[in-house]
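This briefing sets out selected features of one protein model, grouped by topic. Please read it alongside the sequence and the structure shown here.

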Amino acid sequence: MHPDLVLTNARLLDPGTGTFLPFDALAVADGRIARLGTGRELAAGAAELVDLDGAVVVPGLTDGHLHPVSGAERTAGVDLSGCADLDEVRAALAAAARELAAGQWLRGWGLDPNAFGGLPVSADSVGAVLDGVPAAIDLFDAHSMLASRRALELAGIDGPRRFEQGSAEVVCDADGRPTGLLLEDAACELVDAVAPRPDFEELCRATAEVLRRMAAAGLTGGHAMDANGQSLAVYAALEERGQLPLRLRIAPWVQPGVGPEELAALIRRQGEGGRHWRIAGAKLFMDGTIDNGTAWLERPDCHGESTGAFWPDPAEYTRVVGELHRAGVPTATHAIGDAAVRHVLDAVERAVAAHGAGGVRHRVEHVETVPDDTVARFAALGVTASMQPTHCTEYTRADHTDNWSRRLGEERAGRAFRCRDLAEAGARVVLGSDWPIAPFAPLGVMAGARHRRPARHPEQPPHLPGQALTPLQALAGYTLAPAWAAGEEDRAGRLAVGHRADLTVLAADPLSTPDAELAALPVRLTVRGGEITHRAG
Ligand SMILES: [Zn+2]
């Protein structure tokens, strides 16, 4: 055997036990782990030999929920994610507006509703800085947009609209005048349709750069939760150019109003793709977000909102999930509120009762506030909980003075992002960033899962420390759990002979690295399918 790559002087960490394997070298051939042993045994004839000098190898880290292409497009505009109040928002927008030619669009992203300090999220609250400027600003949750008056005008939005997506809304004031806030995809699309989009090459360039940074952060794979726009063509083009360093599993959206032909086409296209990307599963939405009042809760939030499902007829969602299940298509449903999560679990339960489990592994994305009896159902139904702990640590506060917590009230805010309870109840907990909603660096997300504090303010108290994952649980969330969710536990997620050579090499043991230092732990090497996709300088 002539291995393509041999790593020596390695410490090989098993994410199942948290212990090191009794080998110090790993040989890769044909994209798989071919042998484990000693450096002396394995090094002979290696095409490439890398002495890791005691660095720690973990199975390649996989982000369970991200949006590489749409994220690359969204994050092309002004970054507002660091703006803590309206003055900062206005200053950032004014600076960007000064750079624009007359009539040119301003795009922004990452706007946090907490920055409005209790004022409504509206064009009026932002004030004069956007006068005459066509501007489309994504809120941090990517489920809502703030459009300027000029943008509304160009999109022909002058009053309320009705949408097939139950929680989509052109928010209007008491006189029926749009405020600029647009909720959910269908409403945002009205403005997106008239705003200029990057051309294909620009999109490829931006996505390639994002993927390069993801590999440098230690990611070898990701579960991409949309196939929107030109995403699939971008992945194909990047792979052809040797610019696709992540292994991507892509779930296209299935939206309310989906017709039988569209559904059949999605079922048919399962498995399509290239060498390292493929269509797998379907992404659905059961609700929107707590912050926008578009989640689906058992009881209204304190504004009387978040009372409805994203599917105007939730029974239709159940029917579609049943059909996908019968066809062997795993579903991933965005469900944030307690009623939404319950409905998704009910739908899976019915599908399994009607057609048998059939090895189809469904998942719920986000699971932001749920009661005890719902927590217990995940393991029983074999449904994966796909969680983004940094949405909790970065956008909510332990003292519950943030918009998310205030809307929910004490009882439901006290059930926030129950990663630990779900893990302890036997559910598979997949971790991810939902980038561009939160930063993609996997060690940062794992750190957030472990300390439950905001990355930039480690001095703040943790939000529900009882929901913190152990270091081993957090590592499993990026290795074993995503492999299981993808039905690939026999070939991914562990360091074992025959498994894919997707490897992340860290300067030290992530399990014994203190929580507060984990995010800064250097990533020495990233390997996807035996190919080195990142090597620290
Ligand atoms: Zn998402």
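Helices, of type H or I with at least four residues, and strands, of type E with at least two, are DSSP runs numbered from the N terminus. The model is predicted. The points below cover a zinc site, a helix that follows one of the donor residues in sequence, and two open sheets.

**Zinc site**

- The zinc ion is coordinated by NE2 of H65, NE2 of H67 and OD of D434, at 2.1 to 2.2 Å.
- Along the sequence, these donor residues follow the spacing H-x1-H-x366-D.
- The pair H67 and D434 links distant parts of the chain, as the two residues lie 367 residues apart.
- H67 belongs to the loop between β7 (61-66) and α2 (68-74), and D434 to the loop between β21 (429-431) and α16 (442-451).
- Both H67 and D434 are buried.

**Helix α16 and the residue after it**

- Helix α16 is largely enclosed by the rest of the structure, because 9 of its 10 residues are buried.
- The buried residues of α16 include P442, L443, V445 and M446, and A447, G448, A449, R450 and H451 are also among them.
- R452, just after α16, takes a positive phi of about 55°.

**Parallel sheet with β7**

- Four strands make up an open sheet with parallel pairing, in the order β7-β14-β15-β16.
- The edges are occupied by β7 and β16 (277-279); each has a single partner strand, so one side of each is left without a neighbour in the sheet.
- From one strand to the next, the twist averages 15°.
- Strand β14 (residues 219-224) pairs with β7 in the parallel sense over 4 bridges, and L219 in β14 is the bridge partner of L61.
- Helix α8 (residues 231-240) packs on this sheet and touches β14, β15 (247-250) and β16.
- The direction of α8 makes about 155° with that of β16.

**Mixed sheet with β1**

- Another open sheet has 4 strands in the order β4-β3-β1-β5, and its pairing is mixed.
- Here β4 (32-37) and β5 (49-51) stand at the edges with a single partner strand each, so one side of each is left without a neighbour in the sheet.
- Neighbouring strands of this sheet are turned by 20° against each other on average, direction ignored.
- Strand β1 (residues 5-8) pairs with β5 in the parallel sense over 3 bridges.
- The bridge partner of L7 is V50 in β5.

Key: Residues are numbered from 1 along each chain as its sequence is written. This is a predicted model: local features need pLDDT of at least 70, side-chain atom pairs count only at pLDDT 80 or more; totals for chains, interfaces and linings use all residues. Side-chain values use heavy atoms; hydrogens and water are left out. Donors are N, O and S atoms within 2.8 Å of the metal (3.2 Å for Na, K and Ca); water is not among the atoms, so sites may look incomplete. Buried means under 20% relative accessible area, exposed over 50%, partly exposed in between (1.4 Å probe, protein chains only). Two strands pair if DSSP finds at least two bridges between them. Axes are lines fitted to C-alpha atoms, for helices over the stretch in contact, and angles run from 0 to 180 degrees between N-to-C directions. Contact means heavy atoms within 4.5 Å.
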